[in-house]
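Thank you all for making time this morning. I would like to go through one part of a model with you, moving from a sheet and its helices to a single loop residue.

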Amino acid sequence: MNILAIETSCDDTSAAVVNERLEILSNVVSSQVDLHARFGGIVPEIASRKHVELVNPVIREALDTAGLDFADLDAVAVTNRPGLVGALLVGVSAAKALSFALHIPLIGVHHLEGHIYANFLVNPQLEFPFLCLVVSGGHTDLVMVKGHGLYEILGRTRDDAAGEAFDKTARVLGLGYPGGPVIDKLARQGNPKAVRFPRARLDDTLDFSFSGLKTAVVRHQQKNPDALSVEDVCASFQAAVVDMLVDTAMDAAARTGVKRVAIAGGVAANSGLQDRMRQASAENGLDLTCPPIKLCTDNAAMIACAAYFHILRGETNGLDLDTTASQALV
Ligand code: KG4
Ligand code: ZN
C-alpha cells in the first residue's frame, strides 16, 4: 500500500509517500521560513498563496523521489485540522482532487495525531500505553496514548505553547523568527546556570505555563541589558523550558506507572530537550522513543503514518471533508 500524504497546516508545504511497512519512500518539505522571517512571524495570507504555488511541484517531487506515479497510489491523506484555515484548504483541496480522480480513499488527519505518529516511523513496534509529550508552535500537551486513536490529555499549557515561548523570547532577544532553532544553537555555547529563570509548576496538576518565563526574560534584559552574553541568556531560558517539560513528563510517568515515553512536535527537535529526556528516561527506567529532527518538525510522512492506522480501522472520509482552525486532540 502506498499512501501519499499532504501537509500544509502552517508555513511548510510537504508531501510524502509511506508504505504499509511504515517505510518512508519520500518526505519532501518546502519551507517558507525566509518569506515570513522579515515579518517576524507567519503571515497567513502569504502562507496560503505560497502553498498554492508549491503544492503541485512538491507532490510531484514526492512521487519522483519514491519512484512512483499517481497510478501507484492506494490512498491520499491530508492534515485537515487544526491550523491556518486558508493554508489547510490548499492541501485538502489537492487531496480531494487526487482522491476523486484516482478513485482512492481520502483520510483527514489531526495535525497533533500526525506529530505523535512520527514515533511509529522510528519505532513501528512501539507498544501501548505510552506517554507522549507533544510540544509544537501552537500546542503543549502531555498525552497518554492508550491505543491507536485513543488519547487522554493529562496536562496542557494554560497560556503560551512551548514553541511560542521560544519564538517570543527570540524576538525579545532580536534573534528573528523562528526562535527555536537559533536559541537551541546559541544555548549550546552558553551557561545554563548563568541566571535562574522561574520554573512554573501549577499546583498539583500536570499543566504547563510559559508566559511568566517569557516575561522574566524581558525583565532581565531590561534591567541588565549587557550583563550576560546572548548565549548565556539562551542557555538559561532553554534550561528552564526543558526542566518544566521533562520534570512534568517524569511526574506524569510516575503517577500513571507508564513504562514508555515519547516526544513529538517542533520543539521535540530541541537538542537540550532530547538530551534531558534521554537522561531522565534512563534514570527512571523508561523506554524513550524520540524522532529525528526532520520528523519532529512539520512533515507529511507523519500524516501518512497516522492515516495508515485509520485505513486499517476502515476510517476514511468523503469529499465533504472540511478544515477546522482549532480543535483539541480529544
Ligand atoms: O511542530 P512545528 O514544526 O509546527 C507546529 O505545529 O507549530 O513546531 C514549530 C515550533 C516553532 O515554535 C519553532 O520555534 C519550534 O517548533 N522549534 C524548536 C526547534 N525547532 C523548531 N524549538 C526549540 N528547539 C528547536 N531546535
Ligand atoms: Zn506541527
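**Helices, sheet and a loop residue**

Helix α4, residues 111–122, lies across β6 (130–135), β7, β8, β9 (260–264) and β10, and runs at about 125° to β6. Please keep in mind throughout that this is a predicted model. Helix α9, which covers residues 271–283, lies across β6, β9 and β10, running at about 175° to β9.

The strands themselves belong to an open sheet of five, in the order β8-β7-β6-β9-β10, and the pairing in this sheet is mixed. At its edges stand β8 and β10 (287–289), each of which has a single partner strand, so that one side of each is left without a neighbour in the sheet. On average, and ignoring direction, neighbouring strands of this sheet are turned by 25° against each other.

Turning to the edge at β8, we find that β7, residues 140–147, pairs with β8 in the antiparallel sense over six bridges, and that Val 143 has Ile 153 in β8 as its bridge partner.

Beyond β8, which spans 150–156, comes the loop that leads to α5 (162–172), and Asp 160 is found in that loop. Is Asp 160 buried or exposed? With a relative accessible area of 7%, Asp 160 counts as buried, because the cut-off for that term is under 20%. The side chain of Asp 160 makes a polar contact, at 3.2 Å, with the side chain of Lys 168. If we leave aside neighbours within four places in sequence, the residues in contact with Asp 160 are Lys 168, Phe 210, Ser 211 and Lys 214.

Notes: Residues numbered from 1 in each chain as written. Chains lettered and ligands numbered in written order. Predicted model: local features only at pLDDT ≥ 70, side-chain atom pairs only at ≥ 80, totals over all residues. Heavy atoms only, no water. Helix = DSSP H or I, 4+ residues; strand = E, 2+ residues; numbered from the N terminus. Buried < 20%, exposed > 50% of the residue type's maximum accessible area, 1.4 Å probe, protein only. Polar contact = N/O pair within 3.5 Å; in protein donor to acceptor, adjacent residues only side chain to side chain. Contact = heavy atoms within 4.5 Å. Pairing = 2+ DSSP bridges. Axes fitted to C-alpha atoms, helices over the stretch in contact; angles between N-to-C directions.
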